[in-house]
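Visitor: Please take a close look at the cysteines of this model for me, and then, if there is room, at one sheet.

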Amino acid sequence: MEPRQESVIPASGRDYRSSSQDSMSSVTQRWTVWNCAALLCQTSARILVWLLGLLYFSSLPLGIYLLIMQNTTMGVLMVSLVPVSLLIVMVWQAVGIDGRNQIAMSGPSSGCGFLMSVVVHGDLALSEQEKELNQRLRSLYPAVNEQETPLPRSWSPKDKFSYIGLSQNNLRVHYKGHGKTPKDAASVRATHPIPAACGVYYFEVKIISKGRDGYMGIGLSAQGVNMNRLPGWDKHSYGYHGDDGHSFCSSGTGQPYGPTFTTGDVIGCCVNLINNTCFYTKNGHSLGIAFTDLPSNLYPTVGLQTPGEVVDANFGQHPFVFDIEDYMREWRTKIQAQIDRFPIGEREGEWQAMIQKMVASYLVHHSYCATAEAFAKSTDQAVHEELASIKNRQKIQKLVLSGRMGEAIETTQQLYPSLLERNSDLLFMLKVRQFIEMVNGTDSEVRCLGGRSPKSQDSYPGSPRLFNSPVHKASSSQTYQTSTYYIHKIFFLPAWVKKHLTKMILQKSGLLHQKKNFYTEVEMEVDHFSNGVSESSSNGFLNGSSTHGIDLEELDSAQSKRQLCGGSQAAIERMIQFGRELQSMSEHLRRERGKNSANKKMLKDAFSLLAYSDPWNSPVGYQLDSIQREPVCSTLNSAILETHNLPKQPPLALAVGQAAQCLSLMARTGSGSCAFASVDDYLH
Amino acid sequence: MRNDGRPIPTLEVSAAQQQIHLHTFFILQEVTATSRHYVDRLFDPDPQNVLQGVIDMKNAVIGNNKQKANLIVLGAVPRLLYLLQQSSSSLELRTECAVVLGSLAMGTENNIKSLVDCHIIPALLQGLLCSDLIFIEACLRCLRTVFISPVTPVQLLYTDPTVIPHLMSLLSRSRHTKEYITQIFAHCCKTPEHQTVLFNHSAIQNIAPLLISPSDKVRMQALKCFSVLAYENTQVSMTLVNVLVDGEQLSQVFVRMMQRDKPIEMQLTAAKCLTYMCRAGAIRTDDNCIILKTLPCLVRMCSKERLLEERVEGAETLAYLMEPDVELQRIASFTDHLVSMLADYFKYPSSVSAITDIKRLDHDLKHAHELRQAAFKLYASLGSNDEDIRKKITETENMMDRIVSGLSESSIKVRLAAVRCLHSLSRSVQQLRTSFHDHAVWKPLMKLLQNAPDEVLVMASSTLCNLLLEFSPSKEPILDSGVIELLCSLTQSDSPALRVNGIWALMNMAFQADQKVKVEIVRALGTEQLFRLLSDPDTNVLMKTLGLLRNLLSTRPHIDQIMSSHGKQIMQAVTLILEGEHSIEVKEQTLCILANIADGNTAKELIMTNDDMLQKIKYYMGHSNVKLQLAATFCISNLIWNEEDGSQERQDKLKDMGFVDILHKLTQASDPNLCDRAKTAMQQYLA
């Protein structure tokens, strides 16, 4: 018993990683939402073009549909719209001398297709750049929560003086005033202030042209500072000017600071939000501290004053000339050294006792009972829960973690009879998981059908997936996968689609033929299946009984051989039946307790698995990963503990959570050091 | 307050010391008795007892300097060495002996001296031939401790030629052998010969893989090895750039070691390696790893946050790195406020440290000189080429005062660095005219020239050269302070650099000078010395001497006067040089002197009456080198100039000698200058 228990521990250590993955995916989502919003705000014209494009390109599928429905005339018209217009455009381009310009100016009727393709192409390049930008910003400022505090990505078309013109996705700034006196100075701020959670923030400005006199100022300013000025001249405004190389710290007179800068130079501005200082760089060389005691929430700002001045900003769109990562590394080590050397003083004993208590309660919570016992013994502590109770929880958890959900639910109902009855959402969640495990071929019900794994209460393999790798010949598994594709279509897609599909298949002779194939293939599959069983029962099971030492690498090699529900036809049927039950349970729940979007999504994601020929390598395939069992396991565990009036979460997890909360609070109150003190760094 | 405060702590210290002294006097006897016991046990006939004795001794000496000294005095070392070398003693005993010796070496410098005197090094090196790793490691640990001490002569490592190859072969045995051996190499590579020895035994190939060792200590020592190996060594540097470590270029490995989260020592040493490689020409100065990595890293090392030692090393290395490259100087001058950051180097010991903390005052005092000289060096390097940077430096707070006081400091290193700095700044015309004069830098400079070591003299006289330039307002007061005698004595120096500087300064001084000064120079120098200088083996000296002659023979009355008194000797010297094997530049300069002589009223005759000389001029007019042709034509043109007395006869004589034909030919020369000159000369005939 002992060594097996220990082997469970590292698995649960991974739930931090999985949670961070969660947050990452949500961040990307947020970004796309943000992008859409920005696009909408930027140009209403673009929406119009999009709509037109949508209509235009949807004509093709519509035409096909019409053709299927035997509405030939309209169908042919619709289908031919796209190629014909493209042909026209190509001819136009061949005839025209300066195709692009002419088309852009010509009426929308004929040029529309080409215009669209130009827009689409431009957006492709744009999205490429945007992707790079997002990636760079994420790696530079991992602690920033962009939902709360978005990062500056471009100059703001709204927050600028009228003498400023913007172009190239609001990254290029040019001067368009008279530029006669300092009264003609004009500035522009970035879209957002610099979030404190950056810790160290950096942006660069390239001087494209110094214009007439090169009176350019690069710096920072707070919201509301007059834009008819160069940065640095007013209160809460800071700048470094190109004509004299002076720094202006909220004052009309500058201090000698650095060299002058002119056309071709790249000037960087780095804000250190930990000690609230700022330094500039010129062509990748640090010029030293320019400002101290900076206020919070400053915006990147540039100001121009004479005609012809043009500058480009780089908020992370391109690699920086200055090695800002290196500077960040220095501050990260500084902050971490500060944390490591935090003085405990005379309370060292207290700290140790507290930490031991936390560790013990953590072990009990996750029911590592032998370890908990040993630990409590060696550190002289009492365990606050009965051993039997811990062992019960341990048993259930092991079932969940090994993917045997059916048994887990059964055992829970036995040991804690009222728990799942009262908590129907939990039951639903467990059942959905059971469905996923069925797809995976690991659930006990499916496994018995496969006839391979006898219900052995004592053997809990660490990586149960090894059981479901019957050795098929490549060709047969291929045909099998294509056929299962149709099964999914017919059994699990919404009713109206199902109906339509069937109709389509029946109407079109070609497709009808396919359907015939489908039946024969399923029959063939049964033959293959017996093969698979005989091979794997000798091979796979032997492997399974000695799985503890096997690591992920071997799992990966097994991946290519994975089969739906372990490859058993009976299991598939059981799974489908279970799916229907689940569907009805969901409907029942909805009727009783109203809509629950979380449940709905959970079910949808689980069913989506069947829409793919190889669910493991599909976009929703992550659900099949054994890591996904861990949240289910901990939710169930917490629910059980709650019925015993024990804390839902172990104090250790609470402390970790609190530390994370503290960091986000620091970010909100403007302490930059939170950027380099990620809790994850300390959870190895 | 401060004056009252100081003596009290010192009194306290001495009182405490006395107490300790008395105290130890009593303890000493006791200790000696127990120490005696330890030593006696080494002579026990039973080897088991001896082993136990050595182990007890090991435990007794750890961290106890007194005990170590006692044991050494009582003669434990020869016995331990005997036991260590004896092949009959057990390996365990030999190992323990090596450990005890290593422990003894950890003590004071005197301990090391006694150990070295007992020939511990050959014994331990002999021990390395044993096959047992633990014993080898113990020997190496002890050797390491001995060799890193400044009192050990490093040559001892190289006396036996088999030692280095053997150490190389031991290098990969274990983590400890790697660390100790590289540390020994890093400390014992002090001269180019040492570098060559190590290089020839493929130190680079053996040590390079250690740069990616998982152990921090090993990486650090390996890095130090490379820094000492590459220092001013082109061969090593050129090899280093082509070394790959784990598929990566060595320079990239060094760049990674300069990342800001690495230990400061590692950053600094990696920057040194790259600096040395760059100076040896193995890496270009515009390479990104120099411009964007090494230079900023070294500037960071100069910041206030670093330890004083690191700041000194950082500044010195940076000065060395950018010495020859103006672009690096420009970049450094605006990186991280370097120029004003360096001003901070002069604030030690700070007034705060003096009052609050005796220990810190001591520390500051110890490093104050080093800091100042490093700052001066860096300023000198920064300002050596760019006028704007020089201006920035002189505008730094109290800069000129600091240099002036640095010139008269007791430490030679500081004086030298201050002069270097002054010399670098003296290249600026503007500074010569303004701040140099305002601060009367010539005074301490002259004082420094009175008696100083050669290296300081070279720099100081070189600076004086600039101060004696015609437009320098300091020229007059310097002349009045009897500088001529001093410079003349410099020309008699054994060092060619000093001779050049002396004569160069005289040359500058003679440029458009008064008659009085010129006469004084000729008198003080003496024609004999002038001749000696004209036959100087150093071309630079010769050139400057000719330059001096040319400057002396400038305006017509001066020419006549000097030629009337020294004409014979000068003509002799000129003949000598024109006949000798000299470079084009030297001959050109000589012909220019002749041209100047030809410009004189009476001096002309010295040439006109010398047919041999005229033949020479004729020869050079037909020379293949345009410069020489030009100078010779100049000379002729002066001789036949119309408006002077007797020009007709000279013209006739020269016509007879065939000069007109040559001139005629030269009017068709391709070089426009020469062509013009020849035409002007021809016009003299026509007029």
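Guide: A search of the whole structure finds zero disulfides over all chains, a disulfide being a pair of cysteine sulfur atoms within 2.5 Å. This is a predicted model, in which local features need pLDDT of at least 70 and side-chain atom pairs count only at pLDDT 80 or more, while totals for chains, interfaces and linings use all residues. Residues are numbered from 1 along each chain as its sequence is written, chains are lettered from A and ligands numbered from 1 in the order in which they are written, and side-chain values use heavy atoms, with hydrogens and water left out.

The sulfur of B:Cys97 has its closest cysteine sulfur in B:Cys139, at 9.9 Å, which is too far for a bond. B:Cys97 counts as buried, at 0% relative accessibility, where buried means under 20% relative accessible area, with a 1.4 Å probe and protein chains only. For B:Cys273 the closest cysteine sulfur is that of B:Cys225, 9.6 Å away and too far for a bond, and B:Cys273 is buried at 0% relative accessibility.

Turning to the sheet, seven strands of chain A (DSSP runs of E, at least two residues, numbered from the N terminus) form an open, antiparallel sheet in the order β2-β3-β14-β5-β10-β11-β12, strands being paired if DSSP finds at least two bridges between them. In chain A, β2 (164–167) and β12 (285–291) stand at the edges with a single partner strand each, so one side of each has no neighbour in the sheet. Strand β11 (residues 277–282) of chain A is joined to β12(A) by four bridges and runs antiparallel to it, and A:Phe279 stands opposite A:Ile289 in β12(A).

Notes. Buried means under 20% relative accessible area, exposed over 50%, partly exposed in between (1.4 Å probe, protein chains only).
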